[in-house]
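Trainee: I should like to go through this model and ask what stands behind each term that is applied to it.

Mentor: Please do; let us set each value against its definition.

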Amino acid sequence: MEDLECIRNQSAAAAQEVCEAAGLKEGDLFVVGCSSSEVIGDRIGSNSSLETAEAVFEGIYEVLNRRGIYLAAQCCEHLNRALIVERGACEKFGLEEVNVIPQPKAGGSFGTTAYRRFKDPVAVESLHQKASAGMDVGCTLIGMHIKPVVVPLRISVPRIGEAVLVCARRRPKFVGGQRAVYDEKLM
C-alpha cells in the first residue's frame, strides 16, 4: 500500500508540474500513456497491474479534474494505441468513437482503469494531434497525439515507480524567416 501511495503522489506531482510548465487551461486535452509493468520494474507489456495503473490514474486524474483538463488515456499497441476519453472530450475535439473496451492484457491496465473510472468513457482511434501536453510513463510513445510542435519538458519527477517518465508540451509553430520576431511566452 505504501508503494502505491508513493506512485500516486509521484503521478500527481508530475501532472501538476506539467500543467504549470505547459500553461494548460481549462478545456485542454492531456494525454497519458502508462506501462504499469514498467512502473513496477518489469519490461513493458510483461506484467500488467491494475492496482498500479489505478494509483497512477488517481494521481494524474485528481490534478487534471481540479483544473478542468480532459485526460486521454492511451491504450497499448494491442489496440493500436487507441485512447479512452470522456464523451465530452470526444465531442469537443471532433474525435471519432470506435468500439472497443480495453482489458488489462488487451489495451493495458491504464486504459482499462480510465474506461472504468470515467463517467461516460468512449474509445477513439486518434486524437488527431489535439493534445496540448502529456506524460509518457514507461516508454509508451505518446508524441503523435500532441499538437505540433512537440517540446520535451524536464520536470523534477524523473520516474514514476521504476518507470522512466518523459513529459512533453506543445508550442505553436514558428513561421517567417530570419526577420521574424516571436512571442517569448509561446516558446
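Mentor: A residue counts as buried when its relative accessible area is under 20%, as exposed when over 50%, and as partly exposed in between. In this predicted model, buried residues make up 47% of the 187 residues in the protein.

Trainee: Why is Thr52 called buried?

Mentor: Thr52 has a relative accessible area of 4%, and the cut-off for buried is under 20%, so Thr52 is buried. Thr52 belongs to helix H3, residues 50-67. Beyond its neighbours within four places in sequence, Thr52 is in contact with Leu4, Ile7, Ser36, Val39 and Ile40.

Trainee: Why is Lys185 called exposed?

Mentor: The relative accessible area of Lys185 is 76%, and exposed begins over 50%; Lys185 is therefore exposed. Lys185 is found in the segment after S9. Lys185 and Gly23 are 162 residues apart in sequence, yet their C-alpha atoms are 9.6 Å apart in space.

Trainee: How do you know that Cys6 is not in a disulfide?

Mentor: A disulfide requires two cysteine sulfur atoms within 2.5 Å. The closest cysteine sulfur to that of Cys6 belongs to Cys34 and is 14 Å away, so the pair is too far apart for a bond. Cys19 is likewise in no disulfide, the nearest cysteine sulfur, that of Cys167, being 10 Å away. The structure as a whole holds zero disulfides.

Trainee: Which accessibility terms apply to Cys6 and to Cys19?

Mentor: At a relative accessible area of 40%, Cys6 falls between the two cut-offs and is therefore partly exposed. Cys19, at 1%, is under 20% and so is buried.

Trainee: What makes the protein as compact as a globular protein of its length?

Mentor: The radius of gyration is 16 Å, close to the 16 Å that the globule rule gives for 187 residues, so the description holds. The C-alpha atoms fill a box of roughly 55 × 35 × 30 Å along the principal axes. Among contacts with a separation of 6 or more, 69% join residues 24 or more positions apart.

Trainee: Which elements build the protein, and in what order do they run?

Mentor: There are five helices and nine strands. From the N terminus on, the order is α-β-α-α-β-β-α-β-α-β-β-β-β-β.

Trainee: What makes a residue part of the lining of the largest pocket?

Mentor: A lining residue has an atom within 4 Å of a point of the pocket. The largest pocket is lined by 24 residues, with Ile44, Gly45, Cys76, Glu77 and Gly108 nearest its centre. Strand S1 (29-34), helix H2 (36-39) and helix H5 (109-117) each give two or more residues to this lining. H5 gives the most, with three residues. The volume of the largest pocket is about 340 Å³.

Trainee: How does the lining of the largest pocket divide by residue type?

Mentor: The lining comprises seven nonpolar, 14 polar and three charged residues. Glycine counts as polar under the classification used.

Trainee: What can be said of the second largest pocket?

Mentor: The second largest pocket has a volume of about 250 Å³. Its lining has 15 residues, and Ala22, Gly23, Arg170, Pro172 and Leu186 are the closest to its centre. Helix H1 (2-22) and strand S9 (163-170) are the elements that give two or more residues to this lining. By type, the lining of the second largest pocket has six nonpolar, two polar and seven charged residues.

Notes:
Residues are numbered from 1 along each chain as its sequence is written. This is a predicted model: local features need pLDDT of at least 70, side-chain atom pairs count only at pLDDT 80 or more; totals for chains, interfaces and linings use all residues. Side-chain values use heavy atoms; hydrogens and water are left out. On a 1 Å grid over the protein atoms alone, a cavity is a set of points where a 1.4 Å probe fits but cannot get out, and a pocket is an open set with protein on both sides within 12 Å along at least five of seven lines; lining residues have an atom within 4 Å of a point. Grid points are joined across faces, edges and corners, and a volume is the space filled by probe spheres set on the points. Helices (H or I, at least four residues) and strands (E, at least two) are DSSP runs, numbered from the N terminus. Buried means under 20% relative accessible area, exposed over 50%, partly exposed in between (1.4 Å probe, protein chains only). The radius of gyration is taken over C-alpha atoms; the globule rule is 2.2 Å times the number of residues to the power 0.38. Contact means heavy atoms within 4.5 Å.
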